[in-house]
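The following exercises are to be worked with the sequence and the model in view. Each task is followed by a solution in steps.

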Amino acid sequence: MQALRLGLIAGVAGTAVMTAGQMAYYKATGIVFGLVVWGASLVQLPAMKLAPPVWEMAPSSIAPDVGFHLLYEVAVAETHRALS
């Protein structure tokens, strides 16, 4: 039950931070925010037992993970810019 509570709190806090960050960085390229989201996932996912800690990950799996976050955030920033 404690793990569920911790996961819920981490998810809600992470979503709030990400939403605030998106609004703050929407004029930027999205790269900074993408790295922030990736960094948050390195804390949240192991805490919820959904992924291993980063020091247990293979180096070959870290680069694609960062790349996916950066690609997503650049797409979000550009979409927001186009719709604003």
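A residue is called buried when its relative accessible area is under 20%, exposed when that area is over 50%, and partly exposed in between. The model is a predicted one.

**Exercise 1.** Determine which residues of helix α2 are buried, and classify Ser-41.

Solution. Step 1: applied to α2, the cut-off of under 20% selects Phe-33, Gly-34, Val-37, Trp-38, Ser-41, Gln-44 and Pro-46 as buried. Step 2: Ser-41, a residue of α2, has a relative accessible area of 13%, and it is therefore buried. Step 3: leaving aside residues up to four places away in sequence, Ser-41 touches Pro-46 and His-69. Step 4: for the protein as a whole, buried residues make up 20% of the 84 residues.

**Exercise 2.** State how many helices and strands the protein has, and in what order its elements run.

Solution. Step 1: the protein contains three helices and zero strands. Step 2: read from the N terminus, the order of elements is α-α-α.

**Exercise 3.** Compare the expected span of α2 with the separation of its end C-alpha atoms, and locate its kink.

Solution. Step 1: helix α2 covers residues 31-47, which is 17 residues. Step 2: at 1.5 Å a residue, the expected span is 24 Å. Step 3: the end C-alpha atoms of α2 are 25 Å apart, so the two values agree. Step 4: α2 nevertheless has a kink of about 25 degrees, centred on Ser-41.

**Exercise 4.** Carry out the span calculation for α3 and list its buried residues.

Solution. Step 1: α3 has 25 residues, so at 1.5 Å a residue it should span 36 Å. Step 2: its end C-alpha atoms are 37 Å apart, which agrees. Step 3: the buried residues of α3 are Val-66, His-69, Glu-73 and Ala-77.

**Exercise 5.** Describe how α2 and α3 pack.

Solution. Step 1: two packed helices are described by the angle between their axes and the distance between the axes. Step 2: for α2 and α3 (residues 59-83), the angle is about 130 degrees and the axes are 8 Å apart. Step 3: an angle over 145 degrees would count as roughly antiparallel, and one of 65 to 115 as roughly perpendicular; α2 and α3 are therefore oblique to each other. Step 4: the crossing of α2 past α3 is right-handed. Step 5: the residues of α2 in this contact include Phe-33, Val-37, Trp-38 and Ser-41, and those of α3 include Val-66, His-69, Glu-73 and Val-74.

**Exercise 6.** For Val-74 and Leu-71, find the degree of exposure and the distance to a residue remote in sequence.

Solution. Step 1: Val-74 is in helix α3, and its relative accessibility of 29% means that it counts as partly exposed. Step 2: Val-74 is 41 residues from Phe-33 in sequence, while their C-alpha atoms are 8.8 Å apart. Step 3: Leu-71 is also in α3, and it is exposed because its relative accessible area is 60%. Step 4: Leu-71 and Ile-31 lie 40 residues apart in sequence, with 8.3 Å between their C-alpha atoms. Step 5: across the protein, among contacts between residues at least 6 apart in sequence, 74% join residues at least 24 apart.

**Exercise 7.** Explain what is noteworthy about the phi of Lys-49, and decide whether this residue is buried or exposed.

Solution. Step 1: most residues other than glycine have a negative phi. Step 2: Lys-49 is not a glycine, yet it has a positive phi of about 60 degrees. Step 3: Lys-49 comes just after α2, in the loop between α2 and α3. Step 4: with a relative accessible area of 74%, Lys-49 is exposed.

Notes:
Residues numbered from 1 in each chain as written. Predicted model: local features only at pLDDT ≥ 70, side-chain atom pairs only at ≥ 80, totals over all residues. Heavy atoms only, no water. Helix = DSSP H or I, 4+ residues; strand = E, 2+ residues; numbered from the N terminus. Expected span 1.5 Å × (residues − 1). Bend = angle between axes of the 7 residues up to and from the residue. Buried < 20%, exposed > 50% of the residue type's maximum accessible area, 1.4 Å probe, protein only. Axes fitted to C-alpha atoms, helices over the stretch in contact; angles between N-to-C directions. Parallel < 35°, antiparallel > 145°, perpendicular 65-115°, else oblique. Left-handed = near helix turned anticlockwise from the far one by under 90°. Contact = heavy atoms within 4.5 Å.
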